[in-house]
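Please work through the exercises below with the sequence and the structure side by side, and try each task before reading its solution.

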Amino acid sequence: MFKKLFLMAVAIGVSLGTISLVSAAEQADRWMVIHAGTLLADARKAVKAQQTIIIKNGKIVEIRDGYISPSDVAGAEDARIINLTDQFVMAGMIDSHTHVTNKLDAHTRKAAVTTTESEYALLGAVYARRILNAGFTTIRNVGGPREAVFALRNSIRKGIIQGPRIIAGGKTISPLGGHGDDNGFRPDVFATPHSGICNGADDCRRAVRNQIKYGADMIKYVATGGVLSKIATGTGQQFTDAEQKAIVQSAHAMGRKVAAHAHGKGGIDAALRAGVDSIEHGSYMDKGSIKLFKKTGAYLVPTLLAGETVAYIAVNKPGAFIPEVAAKAKRVGPVMANALYMAYKGGVKIAFGTDSGVSDHGINGRELLLMVKAGMSEKDVLISATVSAADLMGMPDSIGTLAAGKSADIIASSGNPLNDIATLLDPSFVMVRGVIAVE
Ligand SMILES: [Zn+2]
C-alpha cells in the first residue's frame with residue numbers, strides 16, 4: 001500500500017516536473033539578504049538609511065543597521081544578496097478592493113453570459129500578475145466568480161502561480177434586483193439567482209453562510225445601489241436595516257469581516273449602524289456619517305480610481321454605458337474625491353482600495369496619485385496602503401510593515417514616494433512571500 005502510494009507520488013512528481021514533493025522541512029532553508037539604501041519599514045515612522053533585511057523561507061528574520069554580509073548571519077552564508085542600495089524600500093502595498101477576474105469594457109455584458117468559471121480563473125491569473133508587478137502584494141477581492149477566485153487564491157498561496165496574496169470574498173451578497181444581482185437580461189438567462197442573492201434577514205444569513213461554507217475569507221454586500229448596475233435603481237439604500245444587521249452578525253459570528261458597498265448616505269449610515277468593518281466608495285457621506293465611522297471604527301475604502309474611470313467613460317465614450325449607468329457615472333465619479341477629503345479631515349480611518357476591474361489591472365498605483373490630489377499627505381496615503389489596509393485585512397502581524405516575523409512582502413522604487421508618490425507607479429523591485437516577481 002505504502003509502496004504503491006510512493007510510486008504514485010514519484011510518478012506525479014516526474015510528470016509535474018518542477019513541482020517538488022519534498023516537504024518544506026526536508027528542503028534547504030532559503031535565505032536572502034536585501035541591502036536597502038532607504039528603508040521605510042513602517043509607514044507611520046521615519047525612514048532609515050543603509051539597512052539590511054534578512055529573509056529566511058519567505059519571512060523576515062531580522063532587520064539590522066548597515067549593510068550586513070551573509071557570512072555574518074549564522075546559517076545564511078550562501079544567501080543571495082539583493083542590492084537595493086540606491087532604492088527606496090518599503091512593505092508591499094495592499095489593495096483592499098479588487099475584482100481580479102473581471103475587466104470592464106464594451107464586452108462586459110456579453111462576457112457575463114459567455115465566460116465560464118475556468119476562463120475567469122485564467123484571466124484572473126494574468127490580471128493578478130499585473131497587479132503584483134505594480135507593487136501590490138496583497139489584494140482583497142470583493143466579489144466575483146467565486147470558484148475562479150478561490151482557485152486563484154489557493155494556487156497563488158501554494159506557489160503554483162505567482163500573484164498577490166488574495167483575501168477572497170465569495171459572491172456579493174445582494175437583494176434580488178439589487179446592485180449585486182445580474183440585471184437586465186432575459187428572464188431565462190439567469191433563471192436561478194446566484195448564491196449571494198437574498199431577501200429578508202434569515203435568507204441573508206443563509207447567503208452569508210453559503211459563501212463561508214465554500215471558502216470566503218470575508219463577506220461583501222451591497223448596502224446601496226451602484227453606479228454600474230444595469231438598472232435604474234439609483235444609489236440609495238437597498239437592503240433594510242434588519243437585513244444588514246443579519247448579514248454583519250452572521251459573518252462576524254463565523255470570524256469573517258464585512259465590507260459594504262455604499263454610495264448614498266442612507267445606506268452608508270445603515271451599514272455603519274449594522275457594524276461593518278469597511279464602507280466601500282462612501283460617495284455621499286456627510287458629517288453624521290463621519291460621526292458614525294468614528295464611533296464604530298470602520299474604515300473607508302475610497303476607490304477614487306473607479307470614480308475617475310467611470311466618469312471618463314461616461315463623458316468620452318458615448319454609448320459605452322446604457323443611459324441610466326452613464327447618468328450615474330457622471331454624477332458619482334467626481335463626488336468621491338470630495339467624500340475622501342471630508343473623511344480624511346474628519347479623522348476617519350482610510351484603507352487603500354481601487355476597484356481594480358472597473359479600472360485596468362496593473363494601474364492600481366494611480367489611486368495613490370488621486371488620494372494625494374484629493375488632499376491626503378503622501379505619508380498618510382502610504383499608511384493607508386500598508387499599515388491601515390493590513391489592519392482591515394485582520395493581518396497586522398504578517399503584512400503592512402517590515403519587521404522580524406512578518407512576510408517578506410517587499411517593494412522598492414527609484415525615487416522617494418514621501419516626496420513624489422508617482423515613483424510607486426513603476427516599482428523597481430517586488431517580492432511577495434520571499435519570492436521575487438520584479439527586479
Ligand atoms: Zn467593486
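The exercises that follow concern a predicted model, and they go from one helix to the core, then to a sheet and the domains.

**Exercise 1.** Check whether the length of helix α6 (residues 241–253) agrees or disagrees with what its number of residues leads one to expect.

*Solution.* Begin with the count, which is 13 residues for α6. The expected span is 1.5 Å times one less than the number of residues, and for α6 this comes to 18 Å. Then turn to the model, in which the end C-alpha atoms of α6 are 18 Å apart, so the two values agree. After the helix comes Gly 255, whose phi is positive, near 75 degrees.

**Exercise 2.** Find which residues of α6 are buried, and state what covers them.

*Solution.* A residue is called buried here if 20 or more other C-beta atoms lie within 10 Å of its own. By this test the buried residues in α6 are Glu 243, Gln 244, Ala 246, Ile 247, Val 248, Ser 250 and Ala 251. Their cover includes the helices α5 (201–213) and α7 (265–274), together with the strands β8 (218–222) and β9 (257–262).

**Exercise 3.** Follow Ile 247 outward, listing its contacts beyond four places in sequence, and then place this residue in the largest nonpolar core.

*Solution.* Once neighbours within four places in sequence are left aside, Ile 247 is in contact with Ile 173, Cys 204, Val 208, Ile 219, Tyr 221 and Val 258. The largest nonpolar core has 127 residues, and Ile 247 is among those with the most contacts inside it, as are Ile 34, Ala 271, Val 276, Ile 279 and Ala 343. Helix α10 (residues 323–345) gives the most to this core, with 9 residues. The core also draws at least three residues from each of domain 1 (29–91 + 401–438) and domain 2 (93–392).

**Exercise 4.** Determine which strands stand at the edges of the open sheet of 7 strands.

*Solution.* First write down the order of the strands, which is β3-β2-β1-β4-β13-β14-β15, with mixed pairing. Next look for strands with a single partner: these are β3 (59–65) and β15 (435–438), so one side of each is left without a neighbour in the sheet. As for β3, 6 bridges join this strand to β2 (residues 48–56), and the two run antiparallel.

**Exercise 5.** Describe how domain 1 and domain 2 meet.

*Solution.* Start from the centres of the two domains, which are separated by 31 Å when taken over C-alpha atoms. Then consider the contacts, in which 19 residues of domain 1 touch 21 residues of domain 2. On the domain 1 side, the largest share, 3 residues, comes from β15.

Notes. Residues are numbered from 1 along each chain as its sequence is written. This is a predicted model: local features need pLDDT of at least 70, side-chain atom pairs count only at pLDDT 80 or more; totals for chains, interfaces and linings use all residues. Helices (H or I, at least four residues) and strands (E, at least two) are DSSP runs, numbered from the N terminus. A residue is buried if 20 or more other C-beta atoms lie within 10 Å of its own, exposed if 12 or fewer, and partly exposed in between; C-beta atoms are placed from the backbone. Two residues are in contact if their C-beta atoms, placed from the backbone, lie within 7 Å. A nonpolar core is a set of buried Ala, Val, Leu, Ile, Met, Phe, Trp, Tyr and Cys residues joined through C-beta atoms within 7 Å. Domain bounds come from an automatic or database domain assignment. Two strands pair if DSSP finds at least two bridges between them.
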